[in-house]
Amino acid sequence: MLIFTLFVLLGLLALSVAAAVSVGLLGMSLAEFYSTLPLTSALGEIAWSTSAEFLLVAIPLYVLMGELLVCSGAAGRMYGAASKWLSWLPGGLMNSNIGASALFSATSGSSVATAATISTLALPEQERKGYPAPLFLGSIAAGGTLGILIPPSINMILFALIANLSVPKLYLAATIPGILLCFMFVAVIVLACLIRPELGGHRQHASWAERLSCLPDLLPPLAIFALVVGAIYSGFATASESAALGVLAAFGLGLWRRAFTWQTLGQAFESTMRTSGMIIFITLAAFFLNFVLSAIGLTSSLVSFITDLQLSPMTTLLAIIMFYIVLGCFMDTLAMLITTAPLVVPVIVALGFDPLWFGVILIVLCEMGQITPPFGMNLFVVQSIRGKGNFMDVIYGALPFCLVLLLLIALLICFPQLALWLPQFA
């Protein structure tokens, strides 16, 4: 049954069938071959009950919030301010790419949106300031991955739904690793440019007066992040309600700066609908698949099989991590998360690991999948916006950041409190 499941799923993806369709067809195939009950008859009820889940409302709201910030010009001003504050470090604007990505991630919740936005802002500066392509492009692709680790994150909302976890606690669990990863990304850029100074391009110098004058450009994203996250942890609003507050704040910012036109608003709403539709379609298909997996007993069979192997919990965890690293090279990270988490989380719990802690590790593995060839989504986003040059430049530039992500996973395994300290105060 497990071999059939993997064969069908990988076969559909190899045929370039859309992720949501692949997941749905897999569920129908398993229901047809391994169940005597008409499980497909429950599809309508599952679609309705899943769509009525209030937490899912947060997804289109977070996407819209990021789109409105781009339309209002706040993202562009934020990048300019970050460049003045961080470009003095070895590596110059590459550090600004990471800093601006972290700030935008704290309001968009999307890895692809972050990579696309920062690419649009940063790439015109690459040749102008004399930066060699690979590491500069890699810093944009890697910075974009912060969108699924730094709260609020769409991927973490979906994982919380699948694993039946608290979204605020999962956000808290990811906070310290997210901040630590930002510093680690900057550290690898600084180290590379100290070893090979030619990678750092022409250093940009800004006076303290210039830095202080651009502080107001950093305030809007920070204020919106504080509003969204603060509303959750103060108990004033749920995750979905706080996302609505963020949308209102982003819309108010655009109105105050008179940055909106009917055309830009239409583009923002259209992009939000496209992205949200894709995510919700995958989610509905995945919940049907989860229902089928439970009904045919595949989840419990997998837990029993792994338990019977009598491997140590750490050996099993390392095998799961290797599985995700390989799978991330060939599968969209959102589809990978939704299709595998229902199978893997029960195994992790049975081994005695904390699901919150594993959730952070899984999100980091999803980050790696965004920048690992041949199908890393952020790699394609950066190259498509670049519009010229060799795609291998982006791949080579992202490899050092893949090693940083592996180092973060090792730190989380050695020091679980990096993820579990903050949630205990919730």
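Student: Why is F281 called partly exposed?

Tutor: In this predicted model, F281 has a relative accessible area of 46%. Buried would require under 20% and exposed over 50%, so F281, at 46%, counts as partly exposed.

Student: Where does F281 lie, and which surface feature does F281 help to make?

Tutor: F281 lies in helix 14. Together with V21, L25, M28 and L43, F281 makes a nonpolar surface patch of about 390 Å². Helix 2, which spans residues 19-34, gives the largest share of that patch, with 3 residues.

Student: What makes F281 eligible for such a patch as far as accessible area is concerned?

Tutor: A patch residue needs over 30% relative accessible area, and F281 has 46%.

Student: How do you know whether T272 is buried or exposed?

Tutor: The relative accessibility of T272 is 8%. The limit for buried is under 20%, therefore T272 counts as buried. T272 is placed in helix 14, residues 262-295.

Student: Which residues is T272 in contact with, leaving aside its neighbours within four places in sequence?

Tutor: T272 is in contact with P60, V63, L64 and E67. Contact here means heavy atoms within 4.5 Å.

Student: How many aromatic pairs does the structure hold, and why is the pair of Y131 and F136 called tilted?

Tutor: There are 6 aromatic pairs in the structure. One of them joins Y131 and F136, with 5.1 Å from centre to centre and 40° between the planes. The centres lie within 6.5 Å, and 40° is neither under 30 degrees nor over 60, so the pair is tilted.

Student: How do you know whether Y131 and F136 are buried or exposed?

Tutor: Y131 has a relative accessible area of 4%, and F136 has 0%. Buried means under 20%, so Y131 is buried and F136 is buried.

Student: What makes the pair of F251 and F260 stacked?

Tutor: The ring centres of F251 and F260 are 5.5 Å apart and the planes stand at 20°. Planes under 30 degrees apart count as stacked, so this pair is stacked.

Student: Why is F251 called partly exposed, and what does F260 count as?

Tutor: F251 has 30% relative accessibility, which falls between 20% and 50%, so F251 counts as partly exposed. F260 has 15%, which is under 20%, so F260 counts as buried.

Student: Why is P342 called buried, and where is P342 found?

Tutor: P342 is found in helix 17, residues 333-350. Its relative accessible area of 13% is under 20%, therefore P342 is buried. The C-alpha atoms of P342 and A163 are separated by 7.2 Å, although the two residues are 179 residues apart along the chain.

Key:
Residues numbered from 1 in each chain as written. Predicted model: local features only at pLDDT ≥ 70, side-chain atom pairs only at ≥ 80, totals over all residues. Heavy atoms only, no water. Buried < 20%, exposed > 50% of the residue type's maximum accessible area, 1.4 Å probe, protein only. Helix = DSSP H or I, 4+ residues; strand = E, 2+ residues; numbered from the N terminus. Patch = residues over 30% accessible without salt bridge, like charges linked within 9 Å, V, L, I, M, F, W, Y side chains within 5 Å. Areas by Shrake-Rupley, 256 points an atom, 1.4 Å probe, with all protein chains shown as cover. Salt bridge = Lys/Arg side-chain N within 4 Å of Asp/Glu carboxyl O.
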